[in-house]
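Trainee: I have a new structure to read. Can we go through its sheets and cores step by step?

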Amino acid sequence: MMNKIVFFNHFHKGDLHTHKEFIRHIQSELPNVTFEYLHNNAAKLTAELGIPLIGTPEQLDKKEAFYLDEDALYINTWVGCNWDVFCKYGGINMNTLYEQWEEIVSQINDVFETKIKLHSDKEQYLPRIAYNAMNTTGVDNYVNSTVGVKKILFCNNVPQSNQSFSSEMREYILPFAEMYPDAHFICTNKFDTDGNKNILFTGDIIGPTQDGDLQEISYLSTYCDVIVGKNSGPYVFCETYDNYMDQNKTFLSFNTKHPDYEDIHETMSRDLVIKCNYTAVPIFNNQ
């Protein structure tokens, strides 16, 4: 009797982050099934799931949603392999992910003869990160020494998949830092600050890490009043359940505007019931 599921994903860190709660649900429904993962990123990004990273998925077709052999069911967690669903909802958002995982659950039910159903409350599938399993000393020291200081996090990295403009946002951050000298403007990518002491960088706060610091940036974001980003990389890791449900937190996301839609569809906040103040700003030029 088959008792193994192997998840695989050929793409980036954000792809692993956005699917975690769906995987946790499947794990809870199948306690006697062995789970493994194939992806090209650091093991730490999926370690909290308790699923071993057994290698990379190059031997599997990135466009195929499922593989089945005598030993395991292979499940592609990349949303792009469900292209019809991706197009139906205008890109990556919780509607797209939810329907993708409805199809995955249906396949699992067929193979394992189960009756798993997704929760109707889509907000439950917003990502969570086990911060207590991380080294948070650098962030904790910074937060404890800056009580009462307004903190604005700028995820000013260059997007890898044209989600937004490529600018490091220096031309926007510098004037605001001068206008509000008592606030801290914390940036993920370094640039010349022209001597502004209230412009800080996540790498300096967090300190050295192994295999990137996206999860640590996410932890830092829980203490920030405003999170500004480009629907990519560090910003995506800040789009967690806890941040979305924080009524005192503000998100500002600069998203590529698809010409076929009047509204911005490719944002995780779309159609969800959340408590934070969330604004998506359309971008028509990626430069």
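Mentor: First, the ground rules. This is a predicted model: local features need pLDDT of at least 70, side-chain atom pairs count only at pLDDT 80 or more, and totals for chains, interfaces and linings use all residues. Residues are numbered from 1 along each chain as its sequence is written, and side-chain values use heavy atoms, with hydrogens and water left out.

Trainee: How many bridges join strand 9 to strand 10, and in which sense do the two run?

Mentor: Strands here are DSSP runs (E, at least two residues), helices are H or I runs of at least four, and both are numbered from the N terminus. Two strands pair if DSSP finds at least two bridges between them. Strand 9 covers residues 226–229 and strand 10 residues 250–256. The answer is four bridges, parallel.

Trainee: Which residue of strand 10 stands opposite I227?

Mentor: Start with V226, which stands opposite T250 in strand 10. For I227, the residue opposite is F251.

Trainee: And which residue of strand 11 stands opposite F251?

Mentor: Strand 10 also pairs with strand 11 (residues 277–283), in the parallel sense over seven bridges. In strand 11, F251 faces Y278.

Trainee: In what order do the six strands of this open sheet lie?

Mentor: The pairing is parallel. The order is 8-7-6-9-10-11.

Trainee: Why is one side of strand 8 and of strand 11 left without a neighbour in the sheet?

Mentor: Both strands stand at the edges of the sheet, so one side of each has no neighbour there. The reason is that each has a single partner strand.

Trainee: Which residues of helix 6 are buried?

Mentor: Buried means under 20% relative accessible area, exposed over 50%, and partly exposed in between (1.4 Å probe, protein chains only). Helix 6 spans residues 170–179. Its buried residues pack against strand 6 (151–154), strand 7 (184–187) and strand 8 (199–201). They are I173, L174 and A177.

Trainee: Why do the buried residues of helix 6 line one face?

Mentor: Look down the helix axis and take the directions from it to the C-beta atoms; the arc is that of these directions. The buried residues of helix 6 line one face because they fall within an arc of 100°.

Trainee: Now the other sheet. In what order do its five strands lie?

Mentor: This sheet is open too, and its pairing is mixed. For example, strand 1 (residues 4–9) and strand 5 pair in the parallel sense over four bridges, while strand 4 (residues 66–68) and strand 5 run antiparallel. The order is 3-2-1-5-4.

Trainee: Which residues of strand 5 are buried?

Mentor: In a regular strand the side chains alternate between the two faces of the sheet. Strand 5 (residues 73–76) is covered on both faces. On one side these are L73 and I75, on the other Y74 and N76.

Trainee: Which residue of strand 5 stands opposite I5?

Mentor: I5 has many contacts (heavy atoms within 4.5 Å), including I26, L30 and I108. L68 stands opposite a residue of strand 5 as well, namely L73. For I5, the residue opposite is L73.

Trainee: Which members of the largest nonpolar core touch the most other members?

Mentor: A nonpolar core is a set of buried Ala, Val, Leu, Ile, Met, Phe, Trp, Tyr and Cys residues joined through side-chain atoms within 4.5 Å. This one has 57 residues. Helix 4 (residues 94–112) gives the most to it, with eight residues. The members asked for are I5, F7, I26 and I108.

Terms used. Lists of a residue's contacts leave out its neighbours within four places in sequence.
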